[in-house]
Structure formats: C-alpha cells, structure tokens
Amino acid sequence: MTTETKIHQLVEFTLPASVVGISAGLIAALLGGFAGQPLGWAAITGLGLAVPLVVLGIGYSALVGLGKAPAGVFAPAAAYWAIGFPLAMLVHAITTEWAVTGTPGLPDQPLQFLAFRALLSMGFAIGFLWMHEQVGRHWWPRIMEHNVYAQHTVEQYVHLAESMEARKQAAARNRKKRKAHV
Amino acid sequence: MDVTSKTSEVPEEPAAAAGTERVWKAGRLEPMPIRPLPPAPPSLHILGPTVFLVALGVGMGESYMWPRLVLVFGPDIRWLFLVGVTLQAFVLLEMARYAMATGESIFFGAARIFKPMMWFFYVAAILIYMWPGHLSAGASAFEEVSGIPWQATACVALVFVGVLFSLLSVIYNFLEKLLGFLIGLLVVGTSVIAAIVGQWGDLADTIQGMFAFGYFPDKALSSAWFPIVVGSIAFAGPSGMQQMWYTLQLRDSGAGMGAHIPKIRGLRSSGEAEAMPSRGFMFDTEDPEEMKKWKGWRKWVTFDALLLFWGITMLVTISFTVLALSAARENPNVAGLIEGGDREAALKAMSDAFASAGSPFLGSLFFGFIALIGLNATLGLFDSFSRGQADMTYYFIPGAKRFSMSRIYFGFLWGVIVFGILILLFGPADGPAGILDVLAFLSTFAMGAYCIVLLLVNNKLLPKPIRPGPLRNVIIGFGAVFYLGMLFYSLIRFGVVLD
C-alpha cells in the first residue's frame with residue numbers, strides 16, 4: 001500500500017472524530033455568532049475551536065486506527081483529552097481575542113485557564129468517546145471493504161458481536177430444549 | 001451491524017434430564033435451575049446498560065434542582081449531592097449483584113422474600129411515575145425557546161414516545177443507541193460551554209463545596225426548604241425506583257445470567273417475542289471457573305457504575321453548577337427571586353449566564369439543553385416504568401401470562417401516556433416545578449424501602465460465595481436510614497410530606 005493510499009484511508013477512517021470536533025466548533029461558533037459579534041468574528045472563533053478539536057480528534061482516531069490505542073476504552077481517551085482539550089480551548093481563546101481586539105493574546109492567568117479546562121476535559125473525553133463510537137459503528141463497517149484501519153477496528157468489535165450472536169443462539173437452543181422436555 | 005460492549009457468549013448447556021436438574025432454592029417461590037454463567041465482556045468499553053441510568057440520572061436534579069439550591073445556599077450545600085450520588089453508586093452495584101446472578105429483576109427478588117413488599121413497589125411506581133414531571137419541565141424549557149405552550153409540546157412528545165416505542169423491533173437496542181447519542185451530545189456541549197463561560201473560581205468553589213461536609217444553614221432547616229433539600233438529595237443521580245428498573249435493563253442487555261432471558265420487543269413485532277421463563281437462573285458458585293467469570297462481570301459492572309454513572313453524573317452536574325455560579329454573578333438578585341417564590345428563576349438565571357456574552361440566543365441554547373435532558377429522561381423513564389410494571393404483572397398477576405410480556409409493557413406505556421395527557425390538559429398539577437417536587441419527595445420513601453429490600457435479597461437469597469461483604473451491607477443500611485430518616489424527620493418536624 002502506498003503512503004498516499006495509507007493517508008487517504010486514515011483520513012477516511014477518522015471522519016467520525018471530525019464530526020465530534022465540528023459539532024463542538026459549531027456550538028462555539030453559535031456562542032460567538034449570537035453574542036453580538038460580527039459574522040466574520042463568529043466564524044473565526046468557531047473555527048478557532050473546531051479546527052484544534054478536529055485535528056486532535058483525528059489524532060486520537062488515528063491512534064485507534066493504527067492500533068496504538070484500544071477502540072472505545074476510556075482511560076487512553078481521558079489521558080489524551082486532559083492535554084488536548086485545554087490546548088484546544090487555549091487556541092480558541094487566542095483566536096477569539098484576535099478576532100475581537102485585532103491582536104492575538106493569551107487569557108489572563110493562563111495556568112489557571114488551562115487547569116480549569118483540564119478538569120472539564122474528563123467530561124469532554126467521555127462525550128467525545130461516546131459520540132466517536134456511536135458515529136463510528138455506522139461508518140467503519142461501511143468502509144471496511146477497502147479501508148484497512150476500519151477493518152482493523154471493526155475486527156476489534158466483531159468478536160464481541162460474534163460472541164453476542166453465539167450467546168443469543170445458545171439461549172434460543174436452550175429454550176427450545178426446555179420446551180421439548182415439557 | 002451492531003457492535004456493543006455488553007457481549008459475551010453462552011456456552012451451550014448440557015441437556016439436563018428432567019427430574020435430575022440441579023436447582024438453587026431461593027425464598028418461597030420456584031427454585032432457580034443451575035445454568036452456565038456467560039463469560040464477562042473482554043474489556044472496559046464505554047457502552048453499556050448504565051446509559052439508561054445516566055439518561056435518568058443526569059436529569060432535572062442535576063440541571064435544575066441542585067443549581068437552584070446552590071443559588072440559594074451557596075456551593076457548600078453540594079456535599080449532600082456527593083453523599084447522595086456516591087450512595088447511589090453503591091446501590092447500583094448491589095442491585096446489579098442480584099440481577100446478574102439470577103437474571104431476575106429486583107422486584108422478583110422482593111417477592112421471593114415477602115410478596116407484599118413487591119406489591120408495595122407495584123403501587124408506588126404507579127403513584128410516583130404517572131405524573132409527567134420530567135417531560136413537562138423539559139417542555140417548559142422548550143417554551144422559553146419557541147414560545148409554544150409547554151402543555152402542547154408535552155402532549156405531542158408523549159404521543160411521540162408511545163408511537164416510537166411501538167414501532168421498534170427490539171426496544172432496548174434502539175434506546176441504548178438513541179440515548180447514547182443524545183447524552184454524548186449533551187456531555188460534549190455542556191463541557192464546551194462551561195469551559196467558555198465558566199471561570200476557575202467557580203470551579204474551585206464547586207469542588208470545594210462538594211467536601212464541605214456538615215454544612216447546613218439554618219434556612220435549609222425551614223419548612224419551606226427542608227422538604228426541597230430532601231427531595232433534591234433523592235434526585236442526586238437516579239431517583240425513586242430508577243435503580244430498581246436498572247436491573248431489568250441489565251437483564252435485557254444480557255448481562256450475567258440475564259443472557260438466559262429473552263428481550264422485550266416492540267408492539268409491531270411483539271408476536272415474535274420468545275416465551276419468558278417463569279423464573280430466573282443461578283450459576284454454580286462452587287465451580288471456580290464460574291466464580292472467575294462472576295468476578296469478571298463484577299469488574300465490568302463496577303466500571304460501568306463508577307465511570308459512567310458516578311463520573312458522568314458528577315461531571316455534568318459540576319458543569320451546571322459552574323453555570324449557576326456564573327449566573328449568580330450576572331444576576332445577583334436571583335437568590336432573592338427564587339426565595340420570593342419564583343421557582344423557575346434558577347433556570348432563567350442560568351440561561352442568563354449563557355447569555356452573559358450579550359445575546360438572548362445563548363440563553364435559548366441553554367433551554368435547548370434542558371429540553372434535551374427532559375426528553376432523555378422521559379424516554380428512559382417511560383421505558384423503565386413500563387418494563388418494571390410489565391415484569392411484576394407478568395409474573396405475579398394471575399392470568400397475565402396469557403399476554404406476552406411485550407403486550408403488557410405496551411399496556412402500561414400507553415396507560416401512562418394517556419394519563420399524562422389528561423393530567424397535562426385537565427389535571428391538578430400546578431406546573432412543572434410543582435410536579436417535580438411531589439415526585440422527588442415521594443421517591444425518597446421508595447429509595448429507603450429498596451435499600452432494605454437489597455439487604456434482604458442479597459443476603460438471604462444468594463449463595464454465600466456471592467453475597468455482599470460487611471462494608472457494603474453497612475453502606476446500604478446507612479442508605480435506608482439516610483432516606484427514611486430524612487423523610488420522617490421532615491414529617492415529624494414540619495408535618496410536610498408534599499411541597
């Protein structure tokens with residue numbers, strides 16, 4: 001597989017992560033847009049959050065696709081976003097400041113700023129992982145025919161799905177047997 | 001393709017010859033046949049039946065009742081929330097113990113101990129949950145956004161829920177996905193908004209307040225506020241009988257011995273439903289291999305309880321409290337407004353916190369979140385109520401087995417919908433907050449009672465190797481004293497049952 005194909009497949013694989021970042025960015029854009037900011041400013045503040053969240057989301061998703069992080073498991077996602085979420089919010093704050101005053105600037109008390117967002121990152125990590133799986137489990141099986149990363153991830157889930165099926169069948173067999181005894 | 005975490009396989013059973021089958025005798029009802037325990041899911045995945053508890057738990061208590069108390073009494077009152085949610089996490093684990101070991105609901109367990117106890121819950125569920133409180137609160141938030149009267153929205157939503165559930169093939173699968181998506185959106189949204197609007201000081205106050213053990217201002221002991229405080233503690237996490245219903249969702253998700261019980265189907269395909277066994281099953285607790293699998297299931301449910309239930313509930317409520325504190329800054333007279341009788345003021349003030357950047361739209365966004373919480377809670381509650389009542393009706397009302405469990409489920413679902421519409425249009429309810437306070441207070445009694453049931457069921461009906469340890473028994477015992485003690489103190493001191 002060529003490097004170009006690999007990158008193309010990886011981008012395709014990480015689409016669900018982008019959806020989460022874009023949703024969060026939209027919320028930020030709405031916050032900015034309807035807060036009396038001109039449309040251009042709102043777009044910049046929205047993008048200021050959406051872009052870092054999409055980039056970081058793709059980064060996490062790529063780790064899953066490459067097998068560096070297990071799919072759907074919380075602890076790695078929490079650790080990742082404990083750093084990623086405050087950074088994304090910092091980029092957002094800087095771009096918002098830039099849009100409003102014309103010059104980019106750090107928020108007051110940047111360490112406190114980062115610590116506050118790091119604490120809230122747990123919530124974001126859960127929401128991110130949750131949505132990532134919800135969207136992914138519809139998207140990945142669709143592209144797995146030609147996408148090795150999707151195939152790899154779906155395989156992680158498939159044995160779960162297979163064992164679920166086996167359990168259902170076993171339970172059905174048991175019920176039939178019991179009926180036959182009666 | 002459906003991929004979920006709650007999967008495991010059931011080894012094919014050896015066919016037991018009739019009459020020689022090994023059984024576990026539990027209480028006075030039919031003994032439970034011994035069946036193999038399915039292996040626990042292999043890893044700590046995030047999706048599981050606790051999604052229901054989160055949907056129910058992250059409800060009005062977290063988004064409305066507790067922020068209201070914080071606005072009036074300050075963030076230090078939140079230590080009571082911490083106690084309430086932590087207690088609920090232990091209750092969840094103990095509820096799961098019985099359900100996963102037997103595949104039976106906790107209602108069935110109660111009946112094995114003493115049937116009238118089960119009938120108490122049967123009647124209490126109807127009295128508490130026929131009131132459409134959650135939905136009406138969500139609908140009134142929607143009114144703030146759209147201007148559409150809340151009664152109209154609530155009625156439409158009631159019919160929507162009924163039709164939606166009736167059209168589904170397997171209700172559990174769909175609901176798990178839908179609630180999962182909505183909660184994901186809610187959690188991402190509130191985290192981002194709290195990160196933008198809130199400040200470090202608000203968060204520090206919120207977290208510090210969680211550990212201000214013993215703080216209880218005189219005003220909170222007044223007849224006006226004490227019943228509300230009691231109700232709010234009950235509403236910390238899943239309140240009332242929601243924990244009991246969780247045992248049914250665990251069963252339907254196939255956790256532990258629940259794998260041996262068929263799922264409830266939608267009305268459209270209820271004819272395809274498989275016959276329900278007349279009781280649950282037990283696994284061989286003498287077999288070390290089976291006990292190893294049991295430990296795997298306990299680990300799985302503990303993860304579910306701690307991360308999803310305790311963690312998400314705590315995080316969402318912290319976000320909402322941060323917003324409430326921002327609201328108090330923006331709108332310093334909000335506490336006065338609430339005390340003056342304007343009980344919707346908490347929501348309005350928090351909406352103002354959203355709007356603090358200068359636009360009413362942000363306030364609307366907040367009400368959108370509240371409406372979403374109301375819808376989540378309604379979907380979860382209606383399903384759970386119907387599931388619980390159908391379970392008790394099917395097993396314990398003579399002649400009910402003529403109908404399938406699914407048909408009985410829909411009987412209760414549409415019953416509560418029709419009653420809800422009637423009450424919304426013509427009922428005595430004086431508005432959403434009034435209904436919620438009634439619900440919250442009634443719930444507390446059921447919670448004290450289920451702690452007692454849990455102690456009896458887990459210690460008397462389960463084989464010794466899988467009974468709870470002394471520490472867990474003490475915690476659940478404390479729960480019984482905590483809920484019932486507060487309720488009766490309120491009754492004796494203030495003579496107030498309902499607000």
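Reader: In this predicted model, is Thr101(A) buried, partly exposed or exposed?

Author: Thr101(A) is found in helix H4 of chain A, which covers residues 74-101. Buried means under 20% relative accessible area and exposed means over 50%. Because its relative accessibility is 48%, Thr101(A) counts as partly exposed.

Reader: What distance in space separates Thr101(A) from Tyr60(A)?

Author: In sequence, Thr101(A) and Tyr60(A) are 41 residues apart. Taken from C-alpha to C-alpha, their separation in space is 33 Å.

Reader: How far apart are the end C-alpha atoms of H4(A), and what span should its residues give?

Author: H4(A) has 28 residues, and at 1.5 Å a residue these should span 40 Å. The expected span is 1.5 Å times one less than the number of residues. The value from the model agrees with this expectation, since the end C-alpha atoms of H4(A) are 39 Å apart.

Reader: Where is the kink in H4(A) centred?

Author: The helix H4 of chain A runs over residues 74-101. Its kink amounts to about 35° and is centred on Trp81(A).

Reader: Which residue follows H4(A), and what is its phi?

Author: Thr101(A) belongs to H4(A), and the helix is followed by Gly102(A). The phi of Gly102(A) is positive, near 95°.

Reader: How many helices and strands are there in chain A, and how many in chain B?

Author: The elements of chain A, read from the N terminus, run α-α-α-α-α-α. Chain A therefore has 6 helices and 0 strands by the DSSP runs. For chain B, the counts are 18 helices and 2 strands.

Reader: What percentage of the residues of each chain counts as buried?

Author: A residue is buried when its relative accessible area is under 20%. Chain A has 182 residues, of which 49% count as buried. Chain B has 499 residues, and there the buried share is 66%.

Reader: What accessible surface does each chain have, and what part belongs to carbon and sulfur atoms?

Author: Chain A exposes about 8400 Å², with carbon and sulfur atoms supplying 70% of it. For chain B, the accessible surface comes to about 16200 Å², and the carbon and sulfur part is 66%.

Reader: Are Cys155(B) and Cys451(B) buried or exposed, and how many disulfides are there over all chains?

Author: Cys155(B) is buried because its relative accessible area is 13%. Cys451(B) is also buried, with a relative accessible area of 0%. A disulfide requires a pair of cysteine sulfur atoms within 2.5 Å. By this rule, the number of disulfides over all chains is 0.

Notes. Residues are numbered from 1 along each chain as its sequence is written. Chains are lettered from A and ligands numbered from 1 in the order in which they are written. This is a predicted model: local features need pLDDT of at least 70, side-chain atom pairs count only at pLDDT 80 or more; totals for chains, interfaces and linings use all residues. Side-chain values use heavy atoms; hydrogens and water are left out. Helices (H or I, at least four residues) and strands (E, at least two) are DSSP runs, numbered from the N terminus. Buried means under 20% relative accessible area, exposed over 50%, partly exposed in between (1.4 Å probe, protein chains only). Accessible areas come from the Shrake-Rupley method with a 1.4 Å probe; for residues, only the protein chains shown count as cover. The bend at a residue is the angle between axes fitted to the seven residues ending there and the seven starting there.
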